[in-house]
Amino acid sequence: MAGMLYLVPTPIGNLGDISIRCRQTLEEADFIAAEDTRVTLKLMNHLGLKKSLVSYYEHNKASKGNVILDRILAGETCALVSDAGSPAISDPGEDLVKLCAEAGVTVCAIPGPCAVITALSISGQSTGRFCFEGFLSTAKKSRREHLESLVDETRTMIFYEAPHKLLTTLQDMASVFGSERPVSLCRELTKLHEEVIRTTLGGAIALYTQQPPKGEFVLVIAGAPEQVHDLPTADDAAVRVAELVEEGMSRKDAIKQTAKELNLPKNVVYDAALQAEEE
Ligand code: SAM
């Protein structure tokens, strides 16, 4: 019988955030696939656990994925961990999950620490609808294209960013979204120096021009304001009816068509057309 793949989230700062279920899964798994075995070893020591660790990270995932899959198909249970947070979210793991899913292996994700959700929750921005955009590319052209594709995005947008790239990223964002766009900079979450700076892109640029950003950041940016479309007026309806009649449509059909196009009741369009004809 095939084994299973467990996705085990680990603390993003505060070691107290490891759950009983995560600890139990790490203890019971046959082996652990870890992004960096040295980081995971520290966690295992903290938990007082000993287990066989294999490395699974960005640059060996193509070859190691199949090795891990074969072990699972042979009946072993694997617990996948990344350096911090939820595996497969801007972390190695996405490909292993795909591989296992395609091979019919059961994948079980244990809920737990995740920077994107922790940041959104305390951002003070709208949480009803949001999109996670991960890291921007380091290539200038693709990061610009990525940001431009979001210019009309009305949902709250969440980005991961490294401190040494933060200022450039904020500047790029301000040039696309405008410097008045609200942003919550969620820093060092769950750690001693946890901080949320609620400001605008312009305000954040001013701040980090004075003092270099330190620590880990999640940027939570307000979506673009909803476009308010002007509702069609009786005058619009009368103009459209006249246009359609001019093009050769019967008056009756022109009223019907206009009502449909402008999403107005037929009697409103009829009255508007009549009044225009009488003037
Ligand atoms: N899979 C992880 C998760 O979703 O929690 C994220 C891994 S990703 C490689 C690392 C990025 O997550 C960092 O560059 C930062 O943007 C964010 N991050 C992780 N821990 C954080 C923390 N304690 N405070 C703020 N941001 C954090």
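This is a short talk through three helices, two pockets and three single residues of a predicted model.

Okay, hi everyone. Keep in mind that the model is predicted. I'll start with the helices H9, H10 and H11.

H9 runs over 234-246. With 13 residues at 1.5 Å a residue, H9 should span 18 Å, and its end C-alpha atoms are indeed 18 Å apart, which agrees. Which residues of H9 are buried? Those are Ala237, Ala238, Val241 and Leu244. These buried residues cover an arc of only 130 degrees around the axis, which puts them on the same side of H9. If you look at the face turned away from that buried side, you'll find Asp235 and Glu246, both exposed. And what covers the buried residues of H9? The cover includes H10 and H11. Just after H9 there's glycine 248, which has a positive phi of about 110 degrees.

Next up is H10, residues 251-262. Here we have 12 residues, which should span 16 Å at 1.5 Å a residue, and the end C-alpha atoms are 16 Å apart, so that agrees too. Ala254, Ile255, Thr258 and Ala259 are the ones buried in H10. They take up an arc of only 135 degrees around the axis, which puts them on the same side of H10. Go round to the other side of H10 and you meet three exposed lysines: Lys252, Lys256 and Lys260. H9 and H11 are among what covers the buried residues of H10. After H10 comes asparagine 263, and its phi is positive, near 55 degrees.

Then H11, residues 266-278. H11 has 13 residues and reaches 18 Å from first C-alpha to last, close to the 18 Å expected at 1.5 Å a residue. Its buried residues are Val269, Ala272 and Ala273. Down the axis of H11, these fall within an arc of 95 degrees, so they line one face of the helix. On the other side, Asn267 and Glu278 are exposed. As for partners, the buried residues of H11 pack against H9 and H10.

Right, on to the pockets. How much space lies in the largest pocket? About 480 Å³. There are 24 residues lining the largest pocket, and the closest to its centre are Ala84, Ala115, Phe135, Tyr160 and Glu216. Two strands, E7 (156-161) and E10 (217-221), each supply at least two residues of this lining. By class, the lining of the largest pocket divides into 13 nonpolar, four polar and seven charged residues.

The second largest pocket has a volume of about 220 Å³. Its lining includes Thr10, Pro11, Gly13 and Leu15, along with Val39, Thr40, Lys42 and Leu43, and also Ser82, Asp83 and Ala84. That lining has five nonpolar, four polar and two charged residues. If Ala84 sounds familiar, we just had it among the residues closest to the centre of the largest pocket.

Last part: three single residues, each worth a look on the screen.

First, glycine 85. You'll find it in the loop between strand E4 (78-81) and helix H4 (94-102). Is glycine 85 buried or exposed? It's buried, with a relative accessible area of 2%. Setting aside neighbours within four places in sequence, glycine 85 is in contact with Val8, Pro9, Thr10, Pro11, Ile12 and Pro113. The C-alpha atoms of glycine 85 and glycine 13 are separated by 8.9 Å, with the two glycines 72 residues apart along the chain.

Second, serine 123, in helix H5, residues 115-123. Serine 123 counts as buried, at 1% relative accessibility. Again leaving out neighbours within four places in sequence, serine 123 is in contact with Ser184, Arg198 and Val220. Leucine 185 is 62 residues from serine 123 in sequence, and their C-alpha atoms are 7.8 Å apart in space.

Third, glutamate 188. Where does glutamate 188 sit? In the loop between strand E8 (182-187) and strand E9 (195-200). Its relative accessibility is 15%, and buried means under 20%, so glutamate 188 counts as buried. Beyond its neighbours within four places in sequence, glutamate 188 is in contact with His193, Glu194, Gly215 and Glu216. And Glu216 takes us back to the largest pocket, as one of the residues closest to its centre.

That's it from me, thanks.

Notes: Residues are numbered from 1 along each chain as its sequence is written. This is a predicted model: local features need pLDDT of at least 70, side-chain atom pairs count only at pLDDT 80 or more; totals for chains, interfaces and linings use all residues. Side-chain values use heavy atoms; hydrogens and water are left out. Helices (H or I, at least four residues) and strands (E, at least two) are DSSP runs, numbered from the N terminus. The expected span of a helix is 1.5 Å times one less than its number of residues. Buried means under 20% relative accessible area, exposed over 50%, partly exposed in between (1.4 Å probe, protein chains only). The arc is that of the directions from the helix axis to the C-beta atoms. Contact means heavy atoms within 4.5 Å. On a 1 Å grid over the protein atoms alone, a cavity is a set of points where a 1.4 Å probe fits but cannot get out, and a pocket is an open set with protein on both sides within 12 Å along at least five of seven lines; lining residues have an atom within 4 Å of a point. Grid points are joined across faces, edges and corners, and a volume is the space filled by probe spheres set on the points. Ala, Val, Leu, Ile, Met, Phe, Trp, Tyr, Cys and Pro count as nonpolar, Asp, Glu, Lys and Arg as charged, and the others, Gly among them, as polar.
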